[in-house]
There are 2 protein chains.
Amino acid sequence: MATMHDVARLARVSVSTVSYVLTGTRPISDATRARVLEAMAELDYQPNAMARGLATRRSRIVGLLMPMSERGFGATETAFVTGAAAAASDAGYHLVLSPIGAGDLDDLRRLASQRMVDGVALMEVQIEDGRVGVLQETGVPLVLIGRTSDTTGLSYVDIDFDQTVREAVDHLVGLGHRRIVYVNHSAATIAAGYGPALRTRDSFVAAMTGYGLEPLMIPAEDSAAGGRAALAQAMTQAPDLTAVLAMNENAIFGILAELAVRRRAVPGDVSVVSMVTSPAVAELAYPALTAMTSPGSALGRIAVEALLRQLDGTGAHHQQLLPCALEVRGSTCPAARPDNELTGTGLPGG
Amino acid sequence: MATMHDVARLARVSVSTVSYVLTGTRPISDATRARVLEAMAELDYQPNAMARGLATRRSRIVGLLMPMSERGFGATETAFVTGAAAAASDAGYHLVLSPIGAGDLDDLRRLASQRMVDGVALMEVQIEDGRVGVLQETGVPLVLIGRTSDTTGLSYVDIDFDQTVREAVDHLVGLGHRRIVYVNHSAATIAAGYGPALRTRDSFVAAMTGYGLEPLMIPAEDSAAGGRAALAQAMTQAPDLTAVLAMNENAIFGILAELAVRRRAVPGDVSVVSMVTSPAVAELAYPALTAMTSPGSALGRIAVEALLRQLDGTGAHHQQLLPCALEVRGSTCPAARPDNELTGTGLPGG
DNA sequence: TCCGATCGTCGAAGCGTTTCGACTAACCGG
DNA sequence: CCGGTTAGTCGAAACGCTTCGACGATCGGA
């Protein structure tokens, strides 16, 4: 491992000159610069990251706080990670993964105080998330993938759940569906203050009541079994349902299975829309699912880019909501039996 | 940010004494130790990771080289990552994610020479993988998740594909199936030297010919569409098939869909076994898939633990194969029409 | 022609640790 | 009571980089 010293000696300049060539902090004559670069090439020199980090007090590492929750890691979350890693890599930063959740505040305090990371991105943000406070105390720049309840002075990137739900409901109502059930995450997850579950719930209620329809929400465990149970419950509470809107990426396959068992054709008898879903997952089902496709890796990328801008000083707080895009596939179609009650309450032209 | 200096001053000792308390390298009297610890607590002291790294020439960071391939990231690969992150975290190490594949050797050389990582784990290992050579040149300890063709002197953890395939074939043959099709990854993936695709292919051929059966393998693009195409092709080449063995986690749903379209009941007409699959994914299908469940996060954990042992000096090369466990669910049953040709060729008792 | 800027370079002082050599005091066996 | 360990502590020198202040040389303007 060649050091800067070796380069300086070989190029017959001082160490500081080598450093200036590297950082561009001060002007260097073309002749000298050439000599130095040549020496570097010859010695196969690479600056030592630790030494540079110590001197600059910047590690060029950003952290991704990725709690490994009960919910597990769906395709959507995985896309955040890969997007974040790519963005960091593009900017010459490294991305360290830490399985630190809203509970492990001591671990976080340690990580933050060690000054190993220049900034962090938080995943799986709870409505009230203690990690934000800890990071602010320790002065570590942060950006949320998700949102807390109070976001003043914070940077975040999140899915625009409100618009996403609204669009999904619009799509179904536009097809003539009136009896729509929303299958959310589990009751425990909702109680824990998981933002997406909360926000979509509220948006669903708003969208449905806006149409004068009854908003029926059913929680489901994050598994196929949970989905089946949820659909069973839905059929009991609303035997006349013609459409299901599902937030829960794991439960959706259970919902489809239970519909199959009950001989309700998709989309003939029941239309299904999957929310915040990656195309790859939507294509797995048969028929392929009409879905609100999540921004996926873009979310992770944007979050890290915002964080890096914050570190540079360029760009302060960045708050952005990305909508999911409706992609109509095979799991939705016009409602089966347009009852007479259907007319009247200001449906959209769709 | 309190430094060691501050602690030393407050505790009225020298800086080195504080360091000895922290590292335990030299004996310290109980009284002094207590004073120092108290000072640390009072100042909320955390050692600076960069400084420590510079002095010890160890960053306490390990890298996970995780190429973001065309193949994307299935549940199985995600499990590797989470397992690795957890293992690193448990040992007080950090895990940095680098999207460095077998192609980006320059990026890797840079990462390795910067001495930012103490060691690395390689994912998505190709049969001939240039990354191994680069890391060995730069003297960075490494462990493979997967295997190259020549593994002498290397540490690796991999799935025991041979046994996994054998068990799956045994299961099907034991149920009376004779006409079994193996759906592998895509032809391009195989050509690129992706180990799992190659090894399972060879093992399948060996297992089938061992039973005196014809080994029919069909490659499939890693998507539902690819799975459907593959099954169509299989039905053409072997209209009498009664069982499908699928390696391709993405294609499997396409296979099921195409079977449904062709009105071949699962498992009544065709039994399906999914290889190297997580239970969560197996449960998504209806009926739930009989599968060889992958060791998942255990693989990532074991790999990182082996790497850390290598860094400590305790433990040299670690080579380990983990089998997938057969979990019988609803997608397999005895073969439908036991033709007369079925008897004779030494079937297992099962 | 002289002055102040600017350019190009150097030496040295950090950055916050670890670790080596040295020193003192206490302790042990003879 | 003495020489040799050992326990406990200190100061200073690394580790490999950045950055500050200084200095000679060059240059443009009055």
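Here is a walk through the protein surface near one DNA strand and then through a pocket. This is a predicted model, where local features need pLDDT of at least 70, side-chain atom pairs count only at pLDDT 80 or more, and totals for chains, interfaces and linings use all residues. Residues are numbered from 1 along each chain as its sequence is written, chains are lettered from A in the order in which they are written, and side-chain values use heavy atoms, with hydrogens and water left out.

Let's start with DNA strand C. It has 29 residues around it, and the closest are Thr17(A), Thr32(A), Ser19(B), Tyr20(B) and Arg26(B) (near means a heavy atom within 4 Å). Of the strand C atoms that come within 4 Å of the protein, 57% belong to sugar and phosphate. By class, that surface has twelve nonpolar, twelve polar and five charged residues. In chain A, α2 (15-23) and α4 (49-56) each supply at least two of its residues, and so do α2 (15-23) and α4 (49-56) of chain B.

Now for some individual atom pairs. On the phosphate side, a polar side-chain atom of Ser19(B) sits 2.6 Å from a phosphate oxygen of strand C, while for Arg52(B) the distance to a phosphate oxygen is 3.4 Å. Ser16(A) goes for a base instead: a side-chain N or O atom is 3.2 Å from a base oxygen.

Next, the second largest pocket. Its lining takes in 28 residues, with Ala260(A), Tyr286(A), Leu256(B), Ala260(B) and Tyr286(B) nearest the centre. α12 (251-261) of chain A and α12 (251-261) of chain B each supply at least two lining residues. The lining divides into 24 nonpolar, no polar and four charged residues.

How values were computed
Polar contact = N/O pair within 3.5 Å; in protein donor to acceptor, adjacent residues only side chain to side chain. Helix = DSSP H or I, 4+ residues; strand = E, 2+ residues; numbered from the N terminus. Nonpolar A, V, L, I, M, F, W, Y, C, P; charged D, E, K, R; others polar. 1 Å grid on protein atoms, 1.4 Å probe; cavity = no way out; pocket = protein on both sides within 12 Å on 5 of 7 lines; lining within 4 Å.
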